Structures are given as structure tokens and as C-alpha cells.
Amino acid sequence: MTLISTEAPLTTATAPRFTASYQGLLGQRIVPLERIPDATQVEVAARIVSSRRSGRAIWLGLQADNGATAVAKLDDAVGETIAAAVYDVGQAVRLRGTARTWTELGTPFIAVRRFLPVV
């Protein structure tokens, strides 16, 4: 028996994109993270799906409601100012930080500056 699907497979062109909001010249904008210029202050809402310590930082894997994923970097200096339970795996979070591009990582990420109340 052969299963035939009429749905197109997910490719980088059709996969959901992780979006972030930022203050543009014409007001608040919501666009895919990879289209936001480096060093722009952004805000995102997501669920933490993974956490890994590397040196003096914690790398958080984020997943949006649409299934799109992104990465956030939480420096020890910021992490020490909040309770560790706030950034546990499974937590819904709102983050504010700086959009960054790191070629070795191969994807844009968010350098977290603040955790905001989840609404």
C-alpha cells in the first residue's frame, strides 16, 4: 500500500518562520527574525524547548506557536538577575533583546536583555 499526500513537504521556503517585533520608522513591525537588521532591539514570545550551557552563557531553543524555532543567548550577567525557574524548559516566555547574526551558528539569534511578563 502506498500513501499519497496532497500536501507539499516542508522546505525552507514553506516552513513556518520565527517572527519578532521591533520598532521601525513607521511604527511596530513584525517580520521573520532573519530579515531584521543586526543590532536591532526585538521582542518575541515563545516556549523554551531546550537549554544548553556553553561557557558563560545559556543557549535557549525557542519555539513559537506556529512551530517555528529560533535560538536565544542568555549571558550569565543577565541570568543572575532572574530566577532560574523563569527560563526552564517548557516555560512560555516573552523576551526582549538584540537581534544578532553569527555566521558560525548559521542562523540569527537573540541576545536576551530582559524577560517580560507573559500576557
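## A loop glycine and what surrounds it

G90 lies in the loop between helix 1 (76–79) and strand 6 (92–102). The model you're looking at is a predicted one, so let's take this loop as a way in and go from there.

How buried or exposed is G90? With a relative accessibility of 38%, G90 counts as partly exposed, because buried means under 20% and exposed means over 50%. Leaving aside residues up to four places away in sequence, G90 touches R47 and I48. The chain has come a long way round to make that happen: G90 and R47 are 43 residues apart along the chain, yet their C-alpha atoms are separated by 6.1 Å.

R47 also turns up in a pocket. The second largest pocket has a volume of about 170 Å³. Its lining is made of eleven residues, and A45, A46, R47, D65 and V93 are the ones nearest its centre. Strand 3 (41–54) and strand 6 (92–102) are the elements that give two or more residues to this lining. By type, the lining residues split into seven nonpolar, three charged and one polar.

Now for the inside of the protein. In soluble globular proteins, nonpolar side chains tend to be buried together. Here the largest nonpolar core has 26 residues, and F18, L60 and L62 have the most contacts inside it. At least two core residues come from each of strand 1 (19–24), strand 3, strand 4 (57–63), strand 5 (69–75), strand 6 and strand 7 (107–116). Strand 3 supplies the largest share of this core, with four residues.

What does F18 touch, if you skip residues up to four places away in sequence? The list is V31, P32, L33, V44, A46, L62, Q63, A64, A68, T69, A70 and I110. Two names there should look familiar: L62 is listed with F18 among the best-connected core residues, and A46 is one of the residues nearest the centre of the second largest pocket.

Next, the aromatic rings. A pair of aromatic rings is described by the distance of the centres and the angle of the planes. This model has two aromatic pairs, and here they are side by side:

| Pair | Centre to centre | Angle between planes | Type |
|---|---|---|---|
| W59 and F109 | 5.3 Å | 65° | edge-to-face |
| Y87 and F115 | 6.2 Å | 35° | tilted |

W59 sits in strand 4 and F109 in strand 7, so this pair ties together parts that are 50 residues apart in sequence. Both W59 and F109 are buried. The other pair also links distant parts of the chain: Y87 is in the loop between helix 1 and strand 6, while F115 is in strand 7, 28 residues away. Y87 and F115 are both buried too.

One last stop is the loop between strand 2 (27–32) and strand 3, where T40 lies. A39 is found in this loop as well. Most residues other than glycine have a negative phi. A39, though, has a positive phi, near 75°. Are these two loop residues buried or exposed? A39 counts as partly exposed, because its relative accessibility is 44%. T40 counts as buried, because its relative accessibility is 17%, and buried means under 20%. Not counting residues up to four places away in sequence, T40 touches Y22, G97, T98 and A99.

Terms used:
Residues numbered from 1 in each chain as written. Predicted model: local features only at pLDDT ≥ 70, side-chain atom pairs only at ≥ 80, totals over all residues. Heavy atoms only, no water. 1 Å grid on protein atoms, 1.4 Å probe; cavity = no way out; pocket = protein on both sides within 12 Å on 5 of 7 lines; lining within 4 Å. Points joined across faces, edges and corners; volume = space filled by probe spheres on them. Nonpolar A, V, L, I, M, F, W, Y, C, P; charged D, E, K, R; others polar. Core = buried A, V, L, I, M, F, W, Y, C linked by side-chain atoms within 4.5 Å. Buried < 20%, exposed > 50% of the residue type's maximum accessible area, 1.4 Å probe, protein only. Contact = heavy atoms within 4.5 Å. Phe/Tyr/Trp six-rings, centres within 6.5 Å; stacked < 30°, edge-to-face > 60°.
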